[in-house]
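Here's a quick tour for anyone meeting this structure for the first time. Have a look, and then let's talk through how the chains meet.

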2 protein chains.
Amino acid sequence: MTAPRTRGPRERMVFAAAQLIRRDGVGATGMRDVAARAEAPRGSLQHYFPGGKEQLVNEAVTWAGHYAGKRVARYLAALPEPTPGALFAAMTRQWIDEFEAAGFGTGCPVAAATVDSTASTPSAREATATAFAAWAAPLTEALTTLDVPPARAPALATLMISTLEGAILLARAQESTAPLVTVAAELAPLLDSAATR
Amino acid sequence: MTAPRTRGPRERMVFAAAQLIRRDGVGATGMRDVAARAEAPRGSLQHYFPGGKEQLVNEAVTWAGHYAGKRVARYLAALPEPTPGALFAAMTRQWIDEFEAAGFGTGCPVAAATVDSTASTPSAREATATAFAAWAAPLTEALTTLDVPPARAPALATLMISTLEGAILLARAQESTAPLVTVAAELAPLLDSAATR
DNA sequence: TCAGTATTATGACGGATGTCATAGATCGCA
DNA sequence: TGCGATCTATGACATCCGTCATAATACTGA
């Protein structure tokens with residue numbers, strides 16, 4: 001939950017930026033706040049991120065995308081009954097648990113960056129695109145492992161990510177995990193029926 | 001696309017706020033920008049919205065929710081083959097057309113408000129919740145009209161809104177309508193199979 | 001020890017923002 | 001015509017932000 005005190009101040013600042021972005025959005029996240037949250041000196045900001053806020057935000061978004069991608073493999077390995085629907089349920093479960101434990105104050109940093117700064121800086125948009133790609137790729141691979149035809153897997157990965165992101169939005173808006181529970185239940189049959197076994 | 005010059009300056013400002021919010025996010029939308037966009041005098045802001053930016057944003061979000069809700073009935077009436085899947089296709093089609101016509105610079109204002117100011121002001125969160133509710137209610141009703149069992153309709157409405165919102169995010173991130181096309185195609189069989197006829 | 005680099009500290013600047021105070025204009029209605 | 005309420009105009013204020021300039025400090029290797 002909190003930033004690991006190990007690792008250099010640079011990584012801590014990227015992590016802290018992601019945390020603040022997913023809670024307050026890009027615009028409301030200040031550089032000074034990031035440094036404070038990371039327990040890093042303010043002067044280090046211009047040293048490690050000469051590209052300014054834009055660079056810091058982009059790195060945070062990219063980091064979040066890779067983080068989400070890595071979790072897919074962990075979910076897959078931990079599934080008692082490995083099916084696409086169960087994988088999606090695990091992904092939603094993660095958010096349900098987090099919302100129940102920490103409240104609905106925080107969402108997905110990639111979504112925040114997409115909504116907040118897609119129109120402004122082109123590099124930010126690219127960062128969100130690569131972040132989603134870094135999430136979708138392992139997910140697609142996982143689906144093929146679960147006997148989803150390779151031709152179908154990318155589409156289902158897009159469907160899963162879209163639905164999950166939207167359900168996160170709804171959950172935060174109405175401060176309820178119900179949307180996550182609902183979409184997990186409704187999508188499971190469709191996802192499982194795509195597995196050719 | 002542009003604000004109708006009829007209607008009072010108050011409505012024009014709410015409309016302009018929604019437009020700017022869905023493009024730049026809540027934080028990056030300035031009161032002065034809203035007045036300029038609405039071709040309304042700056043002094044009218046404090047007259048019509050004594051609650052300040054918070055009130056203006058909340059009204060814009062609420063307005064957007066009702067607007068989305070009203071469109072559902074129009075989609076339903078215009079369907080050549082009235083099925084749940086076709087209704088969802090019409091909803092995605094609307095966004096595809098808009099992205100192709102105006103580019104990927106603008107998204108959903110309710111999503112922007114959810115991501116941007118859920119954590120900060122409680123009233124903003126309530127506004128997003130009511131906005132989504134004002135969208136989901138007509139959608140649920142439309143689904144029952146399409147022979148979806150009343151017990152199932154709310155869940156499918158949640159699924160449709162979630163998936164659409166997420167697909168909008170992905171589309172903006174990768175500047176492609178592909179996610180919208182994909183989710184429409186993938187979800188259609190599931191939605192249609194829920195209609196008991 | 002010393003030089004050179006890496007890191008940190010701190011203050012200032014220009015710009016933008018939301019809000020307020022105050023005055024002016026406009027319009028309906030008697 | 002004149003009054004009162006509704007609307008508009010405009011400037012100022014305090015605040016915060018990202019960025020930069022500049023200097024001090026810490027660390028590394030010879």
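Bear in mind that this is a predicted model. Let's start right at the meeting point: chain A and chain B share 7 residue pairs in polar contact, with both residues at pLDDT 80 or more.

Which parts of chain A do the touching? Five helices of chain A, listed as H1, H6, H7, H8 and H9, each put at least two residues into the side that touches chain B. Helix H8 of chain A gives the most, with 15 residues. Sorted by class, that side of chain A looks like this:

| Class, side of chain A touching chain B | Count |
|---|---|
| Nonpolar | 19 residues |
| Polar | 11 residues |
| Charged | 9 residues |

Charges also pair up across the interface, where 4 salt bridges turn up between chain A and chain B. One of them links A:Glu175 to B:Arg125, and their closest N and O atoms sit 3.1 Å apart.

Now for the overall contact. Chain A brings 39 residues to it and chain B brings 39 residues. Together the two chains bury about 3,300 Å², and 69% of that comes from carbon and sulfur atoms. On the chain A side, A:Val115, A:Leu169 and A:Glu186 supply 20% of the area buried against chain B, more than any other three residues.

Finally, a word from the records. An unreviewed UniProt entry lists residues 85-185 of chain A as "domain: Transcriptional regulator LmrA/YxaF-like C-terminal". Over that stretch, chain A is 80% helix and 0% strand, and the C-alpha atoms at the two ends are 8 Å apart.

Terms used: Residues are numbered from 1 along each chain as its sequence is written. Chains are lettered from A and ligands numbered from 1 in the order in which they are written. This is a predicted model: local features need pLDDT of at least 70, side-chain atom pairs count only at pLDDT 80 or more; totals for chains, interfaces and linings use all residues. Side-chain values use heavy atoms; hydrogens and water are left out. UniProt positions are given in the numbering used here, feature names are shortened, and annotations may be inferred rather than shown by experiment. Helices (H or I, at least four residues) and strands (E, at least two) are DSSP runs, numbered from the N terminus. Contact means heavy atoms within 4.5 Å. Buried area is the accessible area (1.4 Å probe) that two parts lose on being put together, summed over both. A salt bridge is a side-chain nitrogen of Lys or Arg within 4 Å of a carboxyl oxygen of Asp or Glu. A polar contact is a pair of N or O atoms within 3.5 Å; within protein, one must be able to donate a hydrogen and the other to accept it, and residues adjacent in sequence count only if both atoms are side-chain atoms. Ala, Val, Leu, Ile, Met, Phe, Trp, Tyr, Cys and Pro count as nonpolar, Asp, Glu, Lys and Arg as charged, and the others, Gly among them, as polar.
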